[in-house]
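Subject: Structure handover

Hello,

Here is the structure you are taking over. Please look through it before reading the notes below.

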Amino acid sequence: MWHFYNKLLTRGGPEPFPLEGAVESFCSGVLPFGPFYEHVVGYWEESWRRPEEVLFLKYEDLWRESKEQVKKLASFLGKSFSQLDGDGEVEKVLWRSSLDRLKELEVNKSGVGELNHVPNATFFRRGTVGDWKNHLTSQMAQRIDHLTESKLQGTGLSLDD
């Protein structure tokens with residue numbers, strides 16, 4: 001989120017949003033689209049109430065178990081992969097939707113959203129799990145960990161790095 005906002009804010013303008021301020025806003029729930037945890041928990045709960053209508057996927061799971069998660073998504077959409085093809089079709093989907101491939105498409109390098117006028121490249125970064133460790137201090141990480149534990153307590157949801 002911090003990287004995304006900085007890409008938006010520094011397009012020919014102000015200084016970057018300091019990380020300390022971003023952590024404070026995040027922990028206080030003061031974000032442009034509302035408090036993060038309420039948003040996530042709401043979708044998590046709806047995925048249990050209406051599993052045929054709401055599929056809850058975590059980026060970390062997509063990263064670690066790509067093939068299984070793509071199959072889960074296909075099943076949710078009422079599609080399946082051919083038994084005869086093995087993982088060939090799944091591999092094609094993974095390649096076509098890979099961050100490395102998508103961020104190299106010309107439309108994503110130089111294109112701009114029609115409604116929001118945000119450069120498409122703004123939506124692409126590293127595509128890794130756990131990069132927060134390269135930016136947050138141990139105090140920031142502990143604060144977010146404690147808040148996460150508190151906000152997710154009793155929901156059955158856990159967020160990994």
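The notes below go from the overall fold to the helix contacts, the salt bridges and a few single residues.

Please keep in mind that this is a predicted model, and that the values given here are computed from it.

Overall

The protein has 9 helices and 0 strands, so the order of elements from the N terminus is simply α-α-α-α-α-α-α-α-α. Its C-alpha trace spans about 55 × 45 × 30 Å along the principal axes. Of the 161 residues, 27% are buried. The exposed area of the protein is about 11,200 Å², and 56% of that comes from carbon and sulfur atoms. If contacts are taken between residues at least 6 apart in sequence, 52% of them join residues at least 24 apart.

Helix α2 and its surroundings

Helix α2 covers residues 19-28, and its buried residues are Leu19, Ala22, Val23, Ser25, Phe26 and Cys27. What lies over these buried residues includes α1 (2-9), α3 (36-49) and α9. Just after α2 comes Gly29, which has a positive phi near 80°.

The pairing of α2 with α9 can be described in some detail. Their axes come within 11 Å and cross at roughly 10°. An angle under 35 degrees counts as roughly parallel, and α2 and α9 are therefore roughly parallel to each other. On the α2 side the contact is made by Leu19, Glu20, Val23, Glu24, Phe26 and Cys27, and on the α9 side by Met140, Arg143, Ile144 and Leu147.

A salt bridge also links these two helices: Glu24 pairs with Arg143, with the closest N and O atoms 2.8 Å apart. Because Glu24 lies in α2 and Arg143 in α9, the pair ties together parts that are 119 residues apart in sequence. Both ends are partly exposed, Glu24 at 38% relative accessibility and Arg143 at 37%.

Helices α5 and α6

Helix α5 (residues 66-76) and helix α6 (residues 88-96) are arranged in another way. Their axes come within 10 Å and cross at roughly 95°, which makes α5 roughly perpendicular to α6. The residues that meet are Ser66, Lys67, Val70 and Lys71 in α5 and Val90, Glu91, Val93 and Leu94 in α6.

Other salt bridges

Side chains of opposite charge can pair when their charged atoms come close. In the whole structure, a search finds 10 salt bridges. One of them joins Arg126 to Asp131, with the closest N and O atoms 2.5 Å apart. Arg126 is partly exposed, with a relative accessible area of 44%, whereas Asp131 counts as buried at 8%.

Some of the salt bridges share partners, and these join Glu45, Glu46, Arg49, Arg50 and Glu53 into one network. Within it, Arg49 forms a salt bridge with Glu46, where the closest N and O atoms are 2.9 Å apart. Arg49 and Glu46 both lie in helix α3, 3 residues apart, or about one turn of the helix. Arg49 counts as exposed, because its relative accessibility is 54% and the cut-off for exposed is over 50%.

The loop between α8 and α9

Two residues of this loop are worth listing. The loop runs between α8 (106-110) and α9 (138-152), and Gly130 is found in it. Gly130 is buried, because its relative accessible area is 19% and buried means under 20%. The C-alpha atoms of Gly130 and Arg50 are separated by 30 Å, and the two residues are 80 places apart along the chain.

Asn120 is in the loop between α8 and α9 as well. With 16% relative accessibility, Asn120 counts as buried. Leaving aside residues up to four places away in sequence, Asn120 touches Val107, Asn108, Gly111, Val112 and Gly113.

A surface patch

Which residues make the nonpolar surface patch of about 300 Å²? Tyr59, Leu62 and Trp63 do. Trp63 is placed in helix α4, which covers residues 59-64, and counts as partly exposed at 46% relative accessibility.

Regards

Technical notes
Residues are numbered from 1 along each chain as its sequence is written. This is a predicted model: local features need pLDDT of at least 70, side-chain atom pairs count only at pLDDT 80 or more; totals for chains, interfaces and linings use all residues. Side-chain values use heavy atoms; hydrogens and water are left out. Patches are made of residues with over 30% relative accessible area and no salt bridge: like charges are joined within 9 Å, nonpolar side chains (Val, Leu, Ile, Met, Phe, Trp, Tyr) within 5 Å. Accessible areas come from the Shrake-Rupley method with a 1.4 Å probe; for residues, only the protein chains shown count as cover. A salt bridge is a side-chain nitrogen of Lys or Arg within 4 Å of a carboxyl oxygen of Asp or Glu. Helices (H or I, at least four residues) and strands (E, at least two) are DSSP runs, numbered from the N terminus. Buried means under 20% relative accessible area, exposed over 50%, partly exposed in between (1.4 Å probe, protein chains only). Contact means heavy atoms within 4.5 Å. Axes are lines fitted to C-alpha atoms, for helices over the stretch in contact, and angles run from 0 to 180 degrees between N-to-C directions. Angles under 35 degrees count as roughly parallel, over 145 as roughly antiparallel, 65 to 115 as roughly perpendicular and the rest as oblique.
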